[in-house]
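Biologist: I'm new to this one. Could you walk me through it and tell me how each label is earned?

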Amino acid sequence: MRGVFITFEGGEGAGKSTQVRRLALLLESYGLSVTVTREPGGTPLAEAIRGLILTHEAASEDGLTQALLFAAARRDHVLRVIRPALAAGHIVLCDRFADSTRAYQGSKMPEAELEQVIALGTDGLKPDLTFLLDLPPEVGLERARSRFTGVEDTFERSNLGFHREVRRRFLALAEAEPARFVHIDASRDEAHVAETIRSVVRAKFMAGQGDGER
Ligand code: TYD
């Protein structure tokens with residue numbers, strides 16, 4: 001049995017990691033095997049690349065350089081963690097994946113190169129379902145800053161115009177692939193967002209498996 005690959009995308013402070021955790025707990029309570037992971041990261045090599053991209057003083061402004069680094073991290077992650085988990089029948093929940101490269105690096109490089117780099121990094125793997133947790137960047141950045149842990153990363157430091165462009169790109173991706181994406185208003189409260197995610201996952205992957213009133 002092949003597992004199910006679900007990704008969570010969106011701008012800064014959209015609540016992705018909270019929702020990933022909530023969905024993981026819920027699915028585990030149904031007795032399902034769940035693998036929770038994130039990008040950039042998920043393996044020792046990918047976490048090391050994450051450190052270089054997000055905190056290095058000399059982080060590159062060049063879109064292609066950034067995309068190549070994210071792709072190298074992603075390839076390691078796909079080959080060592082995601083594909084094996086799917087092969088073992090797990091539900092894999094991933095906080096950010098290739099759509100983040102499309103949204104964040106897409107405005108800084110030609111489309112054809114972007115898709116080439118993404119195809120190499122993903123090893124051709126596509127999510128079965130992607131939740132776009134969407135909210136205005138003003139709100140998201142404020143939320144991200146309120147949980148401020150020391151140093152803003154490379155992308156949090158970018159200007160509001162850049163984050164508006166990231167949001168526009170995510171929305172365009174969701175519109176272009178309505179069968180894969182579910183657009184969610186992430187300005188709603190956490191429990192409401194979690195309920196929307198739960199009902200989509202149930203309808204799509206668990207039809208016929210009763211879970212009572214949970
Ligand atoms: P992270 O701390 O995980 O941010 P968040 O909590 O908002 O998910 O940092 C990831 C940052 O890296 C985030 O600003 C988005 C950026 N990013 C890219 O630019 N391209 C990518 O392909 C990925 C995966 C992330």
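Modeller: Sure. Let's start with the largest pocket: α2 gives the most to its lining, with 4 residues. Keep in mind that this is a predicted model.

Biologist: Which other helices count as suppliers of that lining?

Modeller: α1 (16-29), α3 and α4 join α2 here, each supplying at least two residues of the lining of the largest pocket. In total 30 residues line the pocket, and among those nearest its centre are Arg 50, Leu 54 and Arg 147. Its volume is about 760 Å³.

Biologist: What makes a residue of that lining polar, nonpolar or charged?

Modeller: The residue type decides: Asp, Glu, Lys and Arg count as charged, so Arg 50 goes into that class. The lining of the largest pocket divides into 10 nonpolar, 9 polar and 11 charged residues.

Biologist: And where does the ligand sit?

Modeller: The ligand sits in the largest pocket. The label "sits in" needs more than half of a molecule's atoms to lie within 2 Å of the grid points.

Biologist: What makes the link between Thr 101 and the ligand a polar contact?

Modeller: An N or O atom in the Thr 101 side chain is 2.5 Å from an oxygen atom of the ligand. The cut-off for such a pair is 3.5 Å, so this one is a polar contact. Arg 50 passes too, because its side chain has an N or O atom 3.0 Å from a ligand oxygen. For Gln 105, a polar side-chain atom lies 2.9 Å from a nitrogen atom of the ligand. Of the ligand's own 550 Å² of accessible area, the protein covers 92%.

Biologist: Which helix gives the most to the shell around the ligand?

Modeller: That's α4, with 3 residues. α2 (44-55), α3 (63-87) and α4 (98-104) each supply at least two. The shell around the ligand has 5 nonpolar, 3 polar and 8 charged residues.

Biologist: How many cavities are there, and why is a cavity not called a pocket?

Modeller: The count is 1 cavity of 30 Å³ or more. A cavity is a space where a 1.4 Å probe fits but cannot get out, whereas a pocket is open, and that is why the names differ. The largest cavity has a volume of about 110 Å³, so it clears the 30 Å³ cut-off. Its lining has 15 residues, with Gly 10, Gly 11 and Glu 12 among the closest to its centre.

Biologist: Which element gives the largest share of that lining?

Modeller: α7 does, with 4 residues.

Methods
Residues are numbered from 1 along each chain as its sequence is written. This is a predicted model: local features need pLDDT of at least 70, side-chain atom pairs count only at pLDDT 80 or more; totals for chains, interfaces and linings use all residues. Side-chain values use heavy atoms; hydrogens and water are left out. A polar contact is a pair of N or O atoms within 3.5 Å; within protein, one must be able to donate a hydrogen and the other to accept it, and residues adjacent in sequence count only if both atoms are side-chain atoms. Accessible areas come from the Shrake-Rupley method with a 1.4 Å probe; for residues, only the protein chains shown count as cover. On a 1 Å grid over the protein atoms alone, a cavity is a set of points where a 1.4 Å probe fits but cannot get out, and a pocket is an open set with protein on both sides within 12 Å along at least five of seven lines; lining residues have an atom within 4 Å of a point. Grid points are joined across faces, edges and corners, and a volume is the space filled by probe spheres set on the points.
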